[in-house]
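Morning, everyone. I have one structure to walk you through today, and most of my time goes to its cysteines. Please have a look at the screen.

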Amino acid sequence: MRERCSAGAVGAVGAVLVALTALLAGCQGSDVGGAVQDGRLGNETSVAPARPSGYGAVFLAVDECSSFGTTRFTEVPCTGERAAARVVARHDSTAGDGPLCPATTDFVLHISEQSPATDEDGDDSVPQGYACMRNLEPPHPGDPGAGGGPRTIVGDCVYSLGDGGDGQVRETACDGTGEKKPQYKVEKAVADRAECPLSTALYVQLGGERPVGCARTV
């Protein structure tokens, strides 16, 4: 599954891809493109705004768009040819303390730097926060069963990390096109393990109002 500026046009931002050790679902152990038995995922990227947004009052606000890059992302008009992903949720807190991203979020951008040069409203600071991003075009790794995204959701598949994984599992594509073949599929999300069907072979922590995922063997 999944589990941490440079000169340019107004609204440009730099981003460095990092593997985070804490994800929005709040589970134990995870890394980029992977998941754990307790549901942690993390396609996440840290970003720092270079200057105030040229497209809105808040940098990377909901419905604003970013370009894609290997190590850098820039805020761009959603109607432009460089637009690649849209902000579907934006929170002014750290990901570990803030709300979960929407279920089908493809990746997360973390906005971390604060300085007068990046001030949005004249108070000499840019709020630390994160933006939940959805690609404008396929592929959508956050879709159920696609094998990516920052969250484990109903429809996702996982595989065991083996004897050395301390019971951990990682997300992979349900259609078998991933590096690892799926072993379990999350069929249902419930409030308590007792609500899972008898066919449940694995409990996966999802977070949210129904934090327990009931997974069957595939």
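Let me start with burial. The protein has 218 residues, and 47% of them are buried. About 10,000 Å² of the protein is exposed, with carbon and sulfur atoms supplying 49% of that area. Keep in mind that this is a predicted model.

Now the secondary structure. What does the protein hold in helices and strands? Zero helices and 12 strands. Read from the N terminus, every element in the run is β.

On to the disulfides. A search of the whole structure finds four. As a reminder, a disulfide is a covalent bond between the sulfur atoms of two cysteines. Number the bonded cysteines in sequence order and the pairing reads 1-2, 3-4, 5-6, 7-8. I will take you through some of the pairs.

Here is Cys65 with Cys78. Their sulfur atoms sit 2.0 Å apart. The link is right-handed, with 105° about the S-S bond. Cys65 lies in strand E3, residues 65–66, while Cys78 lies in the loop between strand E4 (75–76) and strand E5 (85–91), so the bond ties together parts that are 13 residues apart in sequence. Buried or exposed? Cys65 is buried, at a relative accessible area of 0%. Cys78 counts as partly exposed, at 26% relative accessibility.

Next, Cys101 and Cys132. This disulfide has an S to S distance of 1.9 Å. The torsion about its S-S bond is about -80°, so the link of Cys101 and Cys132 is left-handed. Where do the two ends lie? Cys101 is in the loop between E5 and strand E6 (107–111), and Cys132 is in strand E7, residues 129–135. That pair links distant parts of the chain, 31 residues apart. Both Cys101 and Cys132 are buried.

Last one for today: Cys196 with Cys214. S to S is 1.9 Å. The torsion about the S-S bond of Cys196 and Cys214 is about -80°, so this disulfide is left-handed. Cys196 sits in the loop between strand E10 (184–190) and strand E11 (202–205). Cys214 sits in strand E12, residues 212–217. The two are 18 residues apart, and the pair links distant parts of the chain. Cys196 counts as buried at 10% relative accessibility. Cys214 is buried too, with a relative accessible area of 2%.

To recap: 12 strands, zero helices, and four disulfides. Thanks, and over to you for discussion.

Conventions. Residues numbered from 1 in each chain as written. Predicted model: local features only at pLDDT ≥ 70, side-chain atom pairs only at ≥ 80, totals over all residues. Heavy atoms only, no water. Helix = DSSP H or I, 4+ residues; strand = E, 2+ residues; numbered from the N terminus. Buried < 20%, exposed > 50% of the residue type's maximum accessible area, 1.4 Å probe, protein only. Areas by Shrake-Rupley, 256 points an atom, 1.4 Å probe, with all protein chains shown as cover. Disulfide = S-S within 2.5 Å.
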